[in-house]
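Reader: I am new to this structure and would like a close look at one part of it. Could you take me through how a helix packs against its neighbours, step by step?

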Amino acid sequence: MKLSYCLIFFLFLGIPATVQTQEISLGPEAKISVLSCGPGEDLYASFGHSAFRVQDPAQHIDWVFNYGTFDFDTPNFYLKFARGKLLYALSLQRFENFLYTYQLENRWVREQILDLDAEQRNSLFRFLQENHRPENRYYKYDFLFENCATKIPEVLKTVLGPELGYEYTFAKTDRSFRDLIQMNLRRNSWSSFGIDLALGAVIDRQARPEEFIFLPEFVYSQMQEASLDGKPLVQRERLILDFNNPNVDTYFTVTPLFWLLILLLFTMAFTLIDYRNDTRNRWFDFLLFSFSGLCGLVIAFLWFFTDHTSTQWNANILWAFPVNLIFASLLIQKSPSSKYLMPYLCLLLAFLGIAIILWIAGIQEFAPIIGVLWGCLGLRYVFLICHFNPRL
């Protein structure tokens, strides 16, 4: 998955022609299993992956049905991806090709073989074959509710019906969607910081137990507890690839906290110099307001002009305010003359206060290190208010 969310991206791989041209029935030695794959170092791989595996030695079938793929040749690919309109697809590849990727990336792969009778195996296989047809394979991706992981229990429930029961004892802790996402990320990393900036308050509600499965690790747990006709759904498990989760050491100098502290030091130094000399560094104000304004444009775009449900109601727009871009061009002037400047600066300061209140009230969680950036903005806003109003 990749952020959107989910953000797992795989190449749209070759599809055996036999699946497209005829319906295949599985023999008595066939097996169907759920594959769960560990996280990788890159953001797109941070959340792992889930897929179906179908094996039939008599017919030399060892295929992986993968709901986490898309076509790079899609017209306007990047625009559709940014706007949340890119269709994902069910693709099919040989197991050895699927596994090769995880061997290269040192990611673990676990297999849960399902305890299905011949009729149930063929029903599931026919469903996957039918779902793989060109007219059926595409679906509207949603990071939280419709991805490669959620498709696994959804397909099983559709095929196996009410005899299939799911338990959710693994989802004991009260956690929000944001908490679950951040479990797979290093806190002081650009990916963690970026996700907290891009995703809105909608992901700060408590996730219901059945909603944990947007992450592949919880699909694995769900399969362990699932039952079919009163018996465990999983017949047995095996570890195909055994690698530890990546633990990448990162220099502090490349983390967002380091660079935000540098920004804070510059803000304090420039503000102190300006205060003592009764002057104002126009270029610093221009850059600071331009930066926050550009961040605000991205947040507004994700909120209002995309289909991403997880980017709505994002209170980061209170500090990353798009209108700052207009006032940046005003503050580059030596003596900006605008009757709106003072009220606007006061409004920005009030917005910072509202953001803090929303955080304390638990309405939206912000990146923990965002306080450093707020300190930069708040300090400069207070200075500008005092500078443009000598009576203060």
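**Helix α13 and two of its partners**

Author: In this predicted model, helix α10 passes helix α13 in a left-handed crossing. Residues 282–304 form α10 and residues 370–388 form α13, and the two pack at an angle of about 130 degrees with their axes 12 Å apart. Because an angle of that kind falls outside the ranges called roughly parallel, roughly antiparallel or roughly perpendicular, α10 counts as oblique to α13. On the α10 side the contact is made by F284, D285, L288, F289 and F291, while α13 contributes L373, C376, L377, R380, Y381 and L384. Sorted by character, the residues of this contact are nine nonpolar, no polar and two charged.

The second partner is helix α9, which spans residues 256–277, and its axis comes within 8 Å of that of α13, the two crossing at roughly 15 degrees. Since angles under 35 degrees count as roughly parallel, α9 is described as roughly parallel to α13. The crossing of α9 and α13 is left-handed. From α9, the residues L257, L260, L261, L263, L264, T267, M268, F270, T271, D274 and Y275 take part, and they meet V372, L373, G375, C376, L379, R380 and F383 of α13. The residues of the contact between α9 and α13 divide into 13 nonpolar, three polar and two charged.

Read together, the two lists show that L373, C376 and R380 of α13 appear in the contact with α10 and also in the contact with α9.

Terms used: Residues numbered from 1 in each chain as written. Predicted model: local features only at pLDDT ≥ 70, side-chain atom pairs only at ≥ 80, totals over all residues. Heavy atoms only, no water. Axes fitted to C-alpha atoms, helices over the stretch in contact; angles between N-to-C directions. Helix = DSSP H or I, 4+ residues; strand = E, 2+ residues; numbered from the N terminus. Parallel < 35°, antiparallel > 145°, perpendicular 65-115°, else oblique. Left-handed = near helix turned anticlockwise from the far one by under 90°. Contact = heavy atoms within 4.5 Å. Nonpolar A, V, L, I, M, F, W, Y, C, P; charged D, E, K, R; others polar.
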